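The following report describes a protein chain, moving from one strand and its neighbours to the nonpolar interior and then to the surface.

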Amino acid sequence: MAFAVADRVKETSTTTGTGTLNLAGAEPGYQTFVAGIGNSNTTYYAIVNRATSEFEVGIGTVTDAGTDTLSRDTVISSSNSDNLVNFSAGTKDVICTLPSEKSYVLDNAGNTSISANLTATLFS
C-alpha cells in the first residue's frame with residue numbers, strides 16, 4: 001500500500017452515513033480513484049454533498065472491487081466539527097485533493113514558514 005495523489009480524479013457517490021463510500025464512476029473529463037490512485041493505495045479526499053452544506057476532507061483507502069470504494073480513515077476537516085460526517089441522502093462529489101494544511105505555499109515575496117518536524121536526507 002502506497003500513498004498517492006493524482007490530478008483529475010472525481011467520482012460521485014450516493015452512500016449515506018459514516019462508513020465507506022461506494023463510488024459510482026468517473027465524472028466526464030475525470031478519471032476514477034482506481035485509475036488515478038490505484039487499488040489499496042491511500043490518498044487525500046474531499047466529499048461534498050451537492051444538496052446540503054455537508055463536507056469532509058481526509059485520508060482514505062481505495063479498493064478496486066465490483067463496486068469500487070473509498071474508506072474514510074482519517075478526517076482532517078469537516079462540517080461536523082472535524083469528525084466523520086453522517087452524510088444524508090443525495091449525490092456527493094468525491095475528489096482527490098491536496099488539503100491546505102498539508103501543503104506549503106509561497107507568499108507573494110517567495111517566502112514560506114514551516115511549522116513541522118522535518119527530516120532531510122542527502123542523496124549523492
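## Strand E7 and its surroundings

In this predicted model, strand E7 (residues 92–96) is largely enclosed by the rest of the structure, because four of its five residues are buried, buried here meaning under 20% relative accessible area. Two strands are joined to E7, and the table sets out each pairing with an example of residues that stand opposite one another.

| Strand paired with E7 | Bridges | Direction | Example of partners |
|---|---|---|---|
| E1 (residues 10–13) | four bridges | antiparallel | Lys 10 and Ile 95 |
| E3 (residues 42–49) | five bridges | antiparallel | Val 48 and Asp 93 |

The interior comes next. The largest nonpolar core has 16 residues, and those with the most contacts inside it are Leu 23, Phe 33, Ile 37, Ile 47, Val 62, Leu 70 and Val 94. Helix H1 (33–36), E3 and E7 are the elements that each give two or more residues to this core. In soluble globular proteins, nonpolar side chains tend to be buried together. Once residues up to four places away in sequence are set aside, Val 62 touches Phe 33, Val 34, Ile 37, Gly 38, Asn 39, Ser 40, Asn 41, Thr 69 and Leu 70.

The surface also carries nonpolar side chains, since Tyr 104, Ile 114 and Leu 118 make a nonpolar patch of about 330 Å² there. Leu 118, which is found in the segment after E7, has a relative accessible area of 59% and is therefore exposed, the cut-off for that term being over 50%.

Technical notes:
Residues are numbered from 1 along each chain as its sequence is written. This is a predicted model: local features need pLDDT of at least 70, side-chain atom pairs count only at pLDDT 80 or more; totals for chains, interfaces and linings use all residues. Side-chain values use heavy atoms; hydrogens and water are left out. Buried means under 20% relative accessible area, exposed over 50%, partly exposed in between (1.4 Å probe, protein chains only). Two strands pair if DSSP finds at least two bridges between them. Patches are made of residues with over 30% relative accessible area and no salt bridge: like charges are joined within 9 Å, nonpolar side chains (Val, Leu, Ile, Met, Phe, Trp, Tyr) within 5 Å. Accessible areas come from the Shrake-Rupley method with a 1.4 Å probe; for residues, only the protein chains shown count as cover. A salt bridge is a side-chain nitrogen of Lys or Arg within 4 Å of a carboxyl oxygen of Asp or Glu. A nonpolar core is a set of buried Ala, Val, Leu, Ile, Met, Phe, Trp, Tyr and Cys residues joined through side-chain atoms within 4.5 Å. Contact means heavy atoms within 4.5 Å.
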